[in-house]
Amino acid sequence: MAVTQLVGAKIHRREDPRLITGHGHYIDDFTRTGTAHAAFVRSPVAHARIKKIDITDASKAAGVAGVYTARDFKGQLAGTHPAAPAFTAAKKYVPERFPIAEHEVCYQGEIVAAVLAETRAQAVDAANLIQVEYEELPAVMDLEKALQAGGPKAHTDGPDNIGWDIPYTGPEVTEAAFKDADVVVKERILQNRLAPVPMEPRGVIADFEGFDNKLTIWLSSQSPHFIRLFVSGSMGLKESQVRVISPDVGGGFGSKISPYPEDYLVPALSRIAARPVKWIETRTESIQNATHGRGQFYDVEVAAKKDGTLLAMRLTQYLDLGAYHGTFGGFQAVACLMAGGAYKWPGGISARTIGILTNRVPTDPYRGAGRPEATHLAERMIDLLALELKMDPVDVRRKNFIQPEDFPFTQNFGLVVDSGDYDKALDKALEHASYAELRKRQAELRKQGKFMGIGFSTWIELCGFGPSAATAPATGGIALVESAQVRVTPTGSVLVYTGTHSHGQGHETTFPQIVADQLGVPLDSVELRHGDTAEGTAFGYGTYGSRSLAVGGVAISKAVGKVIDKGKKLAAHLLEAAEEDVVFEHGSYHVKGSPDKSKAFGEIAFASYGMSLPPGMEQGLEAVAYFDPPNLVWPFGTHIAVVEVDGETGDAQITKYVAVDDCGNIINPMIVDGQIHGGVAQAIGQALYEEVVYDDDSGQLRTGTLTDYMIPSANEIPTMIVDKTITPSPTNDLGVKGIGEAGTIAASAAVINAICDALSPLGIKHVDMPATPDRLWKMMKEARN
Ligand code: MCN
């Protein structure tokens with residue numbers, strides 16, 4: 001294949017044959033000789049004082065190697081489970097968290113004891129024999145009640161339930177615009193709490209070798225270097241004494257970024273018991289304990305002119321933190337900064353975020369984190385305004401879009417949007433949807449008493465974390481740059497090490513596409529390595545925030561550039577030419593104007609390990625590069641959903657779905673489409689089916705299995721028309737933007753807007769998620785009455 005065809009080519013995922021034929025290696029596939037299996041005893045209640053833990057029967061049970069409570073870990077793990085470094089200054093109350101509860105449990109599922117046994121079944125059986133006496137306390141479950149002074153507290157020793165309260169901009173910013181407005185629309189918009197449900201739940205294996213004081217951890221993680229940082233710190237080990245291996249990972253969706261209690265406890269157990277320890281999460285443990293996403297509501301007001309010109313927005317985000325601050329949970333507040341969407345707000349945006357402690361499992365980033373919420377609220381408000389003004393929602397959008405000539409555009413919170421052409425994506429989507437015909441069809445169906453609706457989401461996002469200047473203050477000094485190492489062996493194999501982690505995104509294919517193209521070598525000669533802190537770069541910043549390509553991929557490209565430059569010096573020496581007269585093209589160095597005077601890249605790789613080097617040149621052909629992007633990248637697009645709601649049952653079926661997205665230049669269109677498909681499917685799950693439900697009073701989880709927590713299958717997901725526009729990002733050499741979260745950011749608004757449009761003849765203006773048949777049926781019944 002000609003070299004130039006690799007970037008931009010639909011190359012099948014190289015990792016798929018391995019994964020599809022069952023040759024992948026997930027945590028449960030690993031085993032160590034002499035392993036003890038761990039099981040954890042978890043609180044069955046949402047909030048209680050621990051009065052007594054009786055381990056007598058469990059200690060005597062068959063196969064038990066040890067039973068442990070908080071006291072046993074006190075000398076093993078220092079300090080608390082780390083709270084988010086982000087938003088540190090703005091935090092009001094950060095409850096202390098030790099990975100295992102000693103005196104008080106604050107959510108159902110919090111760990112109170114651990115058992116080690118010879119087999120997993122023996123560990124689970126023995127855990128069931130541990131008797132814990134609880135004194136139940138009131139559970140804080142309602143966000144508004146949680147804010148009332150003098151009410152129950154999620155932590156008995158806390159001052160109140162306010163984890164943070166940040167007014168980004170006060171109401172005075174928008175006061176004048178609201179006075180001038182012809183129309184003001186208001187809504188309370190819910191964001192249902194979601195369980196991430198990766199196909200592979202979490203799991204940890206730890207092997208502490210006491211003689212060397214060395215710890216190896218295998219776990220299912222999106223960011224192994226972060227885990228090494230946190231766990232080594234807590235265990236009093238040097239980072240160099242800890243090796244974290246995150247092999248094949250069966251999905252993460254954001255829930256495998258932060259360290260979990262088990263990530264500390266399993267290594268500590270290995271050190272205590274002086275043997276390898278393994279723990280594999282069950283599905284119910286996963287739904288109960290993996291950090292949840294969303295779990296918020298917003299009060300929003302929009303001021304506009306009667307011709308549809310937007311003036312200003314006011315919003316307050318009420319965010320359910322759960323019982324503790326998620327390590328990166330603060331990121332969800334970015335919804336406030338992104339609430340303006342693809343539009344201009346000349347009269348400003350007033351935004352405040354309140355993080356509220358409750359007795360539920362903590363929330364943390366879940367695919368999109370903050371940006372789906374922002375898109376949902378912006379797009380819902382545009383539709384409410386269109387309804388109020390009896391305008392076509394397309395016209396309101398077009399009237400207020402940031403225009404191509406406005407880029408780089410400084411939005412209301414000072415963030416600089418790199419590039420975009422929002423009308424272009426909208427035009428393409430309208431064409432695919434045959435919009436005019438759809439409206440005609442809708443009018444006909446309405447005459448027949450049928451409920452068909454068309455919903456838009458002209459979404460934008462910010463991703464590619466991130467420029468150190470922007471991210472370091474929020475992360476407590478960690479600059480989210482990315483590093484790469486490219487190493488060429490004497491026979492021309494190219495090993496690429498990245499600090500990002502692929503767990504479904506296809507990096508093993510796309511990153512080598514970039515490298516092979518640049519070096520002019522076959523794709524097969526390039527191999528990507530990631531997920532092992534003992535290999536490659538000094539520190540990797542992991543995969544989240546659709547950053548892997550726009551930061552990690554660009555770092556790789558820079559490292560390849562350094563390799564090419566070194567090769568050029570060597571080629572010039574071997575070709576007896578001046579370096580500036582040598583060009584590198586299609587995998588070969590040649591002297592300008594003399595294509596026959598050349599050295600193939602493979603020859604240079606071999607020569608680099610030999611004796612004929614220019615004076616002062618070291619042997620070998622490898623390079624390390626770091627990339628600190630100057631700005632975030634800003635993908636965008638238009639999604640259109642067509643929905644029919646059954647007037648009798650409330651069942652909403654998506655009959656057409658169009659997604660036109662723009663992620664700048666594309667490395668692999670097939671993988672990009674796959675990311676869109678998966679992301680849209682997840683957002684359809686949020687829009688129509690998924691919600692983590694707890695009992696309002698007792699805080700009991702009611703959706704602890706996949707029979708109660710409904711995730712969509714292929715049956716529920718429509719065929720999608722997927723297309724692109726291409727607006728390169730000016731912030732990186734590849735001109736790329738992220739795509740990993742786009743579908744999830746875009747789709748819930750399109751689906752819910754379509755349902756609201758379908759039900760508008762009944763006077764229904766707003767529908768919350770999930771729009772289950774039950775909810776819609778009740779709303780229709782009420783509206784008809
Ligand atoms: N890509 C491309 N051209 C572009 C943009 C991206 O070819 N212009 C390719 C990339 O090279 C990469 C893939 O598309 O192979 C996604 O790239 P990117 O947008 O950089 O996103 P990340 O790789 O950083 O993935 C993170 C993102 C996030 S934040 C979540 S959450 C998520 C997601 O990706 N979780 C996933 N996609 C997932 N997909 C699967 N299967 N499983 C998850 O857990």
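Here is an informal walk through this predicted model, taking in a small sheet, some salt bridges, the ligand's surroundings and a few backbone oddities. Since the model is predicted, local features need pLDDT of at least 70 and side-chain atom pairs count only at pLDDT 80 or more, while totals for chains, interfaces and linings use all residues. Residues are numbered from 1 along each chain as its sequence is written, and side-chain values use heavy atoms, with hydrogens and water left out.

Let's start with the sheet. Strands 22, 23 and 24 form an open sheet in that order, with antiparallel pairing. Helices and strands here are DSSP runs numbered from the N terminus (H or I over at least four residues for helices, E over at least two for strands), and two strands pair if DSSP finds at least two bridges between them. At the edges sit strand 22 (582–585) and strand 24 (594–600), each pairing on one side only. Neighbouring strands in this sheet are turned by 35° against each other on average, direction ignored. Strand 23 (residues 588–591) is joined to strand 24 by four bridges in the antiparallel sense, and one residue pair to look for is V591 with its bridge partner S594 in strand 24. Now bring in helix 17 (residues 548–575), which lies across strands 22, 23 and 24 and runs at about 45° to strand 23. For such angles, axes are lines fitted to C-alpha atoms (for helices over the stretch in contact), and values run from 0 to 180 degrees between N-to-C directions; contact means heavy atoms within 4.5 Å.

Another antiparallel pairing joins strand 19 (residues 482–488) and strand 25 over seven bridges. There, V488 has L621 of strand 25 as its bridge partner. Strand 25 (residues 621–627) has alternating side chains: L621, A623, A625 and F627 point to one face and are buried, whereas E622, V624 and Y626 point to the other and are not. Buried means under 20% relative accessible area, exposed over 50%, and partly exposed in between (1.4 Å probe, protein chains only).

On to the charged pairs. A salt bridge is counted when a side-chain nitrogen of Lys or Arg is within 4 Å of a carboxyl oxygen of Asp or Glu, and by this rule the count comes to 45. One of them joins R193 and D320, at 3.2 Å from N to O. R193 is in the loop between strand 8 (183–191) and strand 9 (203–209), while D320 belongs to strand 14 (residues 310–322), 127 residues apart. R193 counts as buried because its relative accessibility is 5%, and D320 is buried too, with a relative accessible area of 2%.

E741 and R371 make another salt bridge, with their closest N and O atoms 2.7 Å apart. E741 is in the loop between strand 28 (720–724) and helix 20 (742–759) and R371 is in helix 11 (residues 371–389), so this pair ties together parts that are 370 residues apart in sequence. Both E741 and R371 are buried. For a contrast, try R529 and E527, whose closest N and O atoms are 2.9 Å apart in their salt bridge. R529 is partly exposed at 26% relative accessible area, and E527 is partly exposed at 40%. Elsewhere, salt bridges that share partners join R42, R202, E262, D263, E281 and E285 into one network.

What surrounds the ligand? Of the 32 residues around it, Q505, H507, S548, Q675 and I739 come nearest; a residue is near a molecule if one of its heavy atoms lies within 4 Å of it. A polar side-chain atom of Q675 is 2.7 Å from a ligand nitrogen atom. The backbone joins in as well: an N or O atom of H503 lies 3.2 Å from a nitrogen atom of the ligand, and one of N668 lies 3.0 Å from an oxygen atom of the ligand.

Finally, some backbone oddities. The peptide bond from F407 to P408 is cis, with omega near -5°, and P408 is in the loop between helix 12 (393–400) and strand 16 (409–410). The bond from M769 to P770 is also cis, with omega near -5°; P770 lies in the loop between helix 20 and helix 21 (773–784). A274 is not a glycine, yet has a positive phi of about 55°, and counts as exposed at 63% relative accessibility. R294 is not a glycine either and has a positive phi of about 60°, but R294 is buried, with a relative accessible area of 1%.

Conventions:
A polar contact is a pair of N or O atoms within 3.5 Å; within protein, one must be able to donate a hydrogen and the other to accept it, and residues adjacent in sequence count only if both atoms are side-chain atoms.
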